[in-house]
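User: I would like to go through the terms used for this structure and check each one against its definition.

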Amino acid sequence: MLSVENLRVVYHDVISILNGVSLKAHNGEISVIIGANGAGKTTLLRAIGGMLDIYEGDIIEGDIKVGDTSLRGLDSTDIIKKYGLTYVMEDRPVFWYLTVEENLAAAAYSRWDGAVKADMERVFGYFPILRNLRNQKAGYTSGGEQQMLAIGMSLMTRPKIILFDEPSLGLAPLVTQELFRIIQRLNEEGLTIVLVEQNAHAALRIGHRGYVLENGRVVLEGSAAALLENEDVREFYLGAGAKERRSYQDAKRYKRRKRWL
Amino acid sequence: MIDLIQTLGAGLLIGFVYGLLGLGIVIIFRASEAFNFAIGEFLVVGSFLFYIFFFDLHLPFIIALPLGLLASAAVGALVEKLSIKPLLGRSGLSMTIITLGLASVLRALVQLIFGAHSYSFFLDLPDITLEVSTLLFPSERIWAGLLSFIAFGLIIFLLFRTRWGVAIRATSESQPKAMAFGIDARFILLIVWALSAMCIAVAGVMISNFGALSYLTGIAGLRAIPVVLIGGMDSIGGALIGGLIVGLCEALVGSYVEPLGLVGFKDVAPYLLLLIVLFIRPYGLFGTVRIERV
């Protein structure tokens, strides 16, 4: 189980992004984190994945644990190797100037076992389209293909837990649907998944638990089904719920009321 | 006609050496986005390290060269660790400026340790002088071209056919992405500097073998500037082509233009050529066409 306890993160020693986030991602579940831009979703994933250093960020309080061991102070290389936790960055983190096959090989760099080829075949099994593109430079493939490649690359690290940062970003609805089906399938095969999404509806539908992040805090949590039904979530993240259109003033008052959550 | 063939051959042979120098610049530029202006000093340091193993310790060439290269790699790695790593995440320009300072420091160190006089430098490699009628290619020139070519080939093999090569190219493209997939980007950068120092050291030993070795030999390293700018700063194949072009240009100007009374013009000619190339192709002949998505 991955648990985040009262996590506070600042960038450049002054810009406070996470102000005490606590959440749990149970083994074998999809935990969905939704929130507006600037809520701290990406920072949260960077912190868990051990990537804060590069972005001049620091954990100043709280802890991140896999099981009972703390991940604080470890960098991404260690976290991937020792805890099988891989972070798939937002915006399709593939290497543009490497071919699809080289991308998969690069992601397997931290491994020394002989099963790399077999795993590559497994990835091609999930994403048959990648097999045809294997000798093409990743920069010349479509957005959907790049995101599939990114997921494939994360599988090459032999993860137990995968953190996805907005996999649907900039993709057509049909492609998004397919991606989410794949994520669901990976989960059914035993992977623990943390999914950060703007596309709240689609994400909550495949998720087990959901968290709403706002201003660096978890303001709402519950089962994904419950969040889908929650009136606040429906109004602010699903774009539905209110019977009649509210005026902007009402919405502002509503936000004020919501803050205690 | 014989004259022309002689000139072209000589130009190609030295071109491979220049290409190797260019490669040393290119792999660092791709990985750190810094231009290593300390290349001349890397060249001198590498040559002196080899000098110690070969001339002072009297080891055979086949052992002294790898040892000298390893020592050069260690120096390259050390330089990266001390001066470049603290700047990780900053712009390539600050690292480039650092290399300027580094050049002064290394040059002064070499003078302190080895003095400012010249050391005679002669490798007793098998004589493979090529002499056909009036054509003459001296043995040390052929060795220089040959060994540089082999070194270049080894680096290409490493970069494009091995797992480390994939990791190096991935890191060169994006450090955050590489780290997110478990590639230790910091270590890879160290390796890249070590590799670069080795390339430059091979070229350095070959260049020293043409004459003598002193701290001023480093000036030859500046040839790498027109090489990489003509070939394209981020193109590995471009470094080789750029090296050959500069070598040929130098040789042709040396035998056909200088006799007209323009003594020393062959040192300027590559820069004139560079100017023309940059007018036509600002990224250099083989600079990567950036992948752009629309």
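The turns below take up the sheet, a helix and the chain contact.

Analyst: This is a predicted model, in which local features need pLDDT of at least 70, side-chain atom pairs count only at pLDDT 80 or more, and totals for chains, interfaces and linings use all residues. Residues are numbered from 1 along each chain as its sequence is written, and chains are lettered from A and ligands numbered from 1 in the order in which they are written.

User: Why are E9(A) and E10(A) said to pair?

Analyst: Two strands (DSSP runs of E, at least two residues) pair if DSSP finds at least two bridges between them. E9(A), residues 209-214, and E10(A) have 6 antiparallel bridges, so they pair. Tyr211(A) stands opposite Glu221(A) of E10(A).

User: What makes E6(A) and E10(A) edge strands?

Analyst: In chain A, 6 strands form an open sheet of mixed pairing, in the order E6-E7-E8-E3-E9-E10. E6 (85-88) and E10 (217-223) each pair on one side only. The twist from one strand to the next averages 15 degrees.

User: At what angle does H1(A) run to E7(A)?

Analyst: H1 (41-49) of chain A runs at about 150 degrees to E7 (161-165). Axes are lines fitted to C-alpha atoms, for helices over the stretch in contact, with angles from 0 to 180 degrees between N-to-C directions.

User: What makes residues of chains A and B count as in contact?

Analyst: Their C-beta atoms, placed from the backbone, lie within 7 Å. By that rule, 18 residues of chain B are in contact with 25 of chain A. H6(B) supplies the largest share of chain B's side, 6 residues.

Methods:
Helix = DSSP H or I, 4+ residues; strand = E, 2+ residues; numbered from the N terminus. Contact = placed C-beta atoms within 7 Å.
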